[in-house]
Amino acid sequence: MERLCAQHDLPRELAAAGWLHDIGYAPDLVDSGFHPLDGARFLQGIGESELVTSLVAYHSGAKFEAEERGLHSELAGFDEPPQDALDVLNLVDMTTGPEGARVPVDERLSEILSRYGATDPVGRALARSSDQLRASVMRAAGWLNYPM
């Protein structure tokens, strides 16, 4: 992500969000059990920028999962990030597998679904958000000439 930001003169906050987007999984930070919200709350609490905090809060279809978990109003306490910045973060998250290898977006979506299952809030949210996530990834890939 840092290299991508440097090559395309993107804000340093995008690289920070790339590193921090899953921080809400850290056991000491779990509050709601919804990692984008827990991560965003933590980052806001330590004074991280509004852009990084909002990217963490809304990354990879988080709005859909918040609805599935009944946490929409809590997530709405964070401003939505600019769509182009969110697209870049989604591109990186949705083309990187759990082991850190680059993967096609459909493979990543399938991996997430297989890990959680269709009836889990993650699986239900993914069913609703996958088309938008693919579109987000493709927009950023096009802007950045990122080979898919």
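1. In this predicted model, the packing around helix α7 deserves attention, since the buried residues of α7 pack against α1 (2–7), α2 (12–20), α4 (50–58), α8 (105–116) and α9 (121–144). Helix α7 itself covers residues 83–93 and is mostly covered, with nine of its 11 residues buried.

2. The residues of α7 that are buried run from A85 through L86, D87, V88, L89, N90, L91 and V92 to D93. A colleague setting up charges may wish to note that D87 and D93, as well as N90, are among these buried positions.

3. As to the fold as a whole, the chain contains nine helices and zero strands, and the order of elements from the N terminus is accordingly α-α-α-α-α-α-α-α-α. The radius of gyration is 14 Å, close to the 15 Å that the globule rule gives for 148 residues, so the chain is as compact as a globular protein of that length. Along its principal axes, the C-alpha trace spans about 35 × 35 × 25 Å.

4. On burial and contacts, 46% of the 148 residues in the chain are buried, while residues 24 or more positions apart account for 59% of the contacts that have a separation of 6 or more.

5. Turning to the surface and the charges, the chain exposes about 7700 Å², of which carbon and sulfur atoms supply 51%. There are 12 positive and 24 negative side chains in the chain, and the centres of these two sets lie 4 Å apart.

How values were computed. Residues numbered from 1 in each chain as written. Predicted model: local features only at pLDDT ≥ 70, side-chain atom pairs only at ≥ 80, totals over all residues. Heavy atoms only, no water. Helix = DSSP H or I, 4+ residues; strand = E, 2+ residues; numbered from the N terminus. Rg over C-alpha atoms; globule rule 2.2 N^0.38 Å. Buried < 20%, exposed > 50% of the residue type's maximum accessible area, 1.4 Å probe, protein only. Contact = heavy atoms within 4.5 Å. Areas by Shrake-Rupley, 256 points an atom, 1.4 Å probe, with all protein chains shown as cover. Lys, Arg positive; Asp, Glu negative; His and termini not counted. Charge placed at Lys NZ, Arg CZ, Asp CG, Glu CD.
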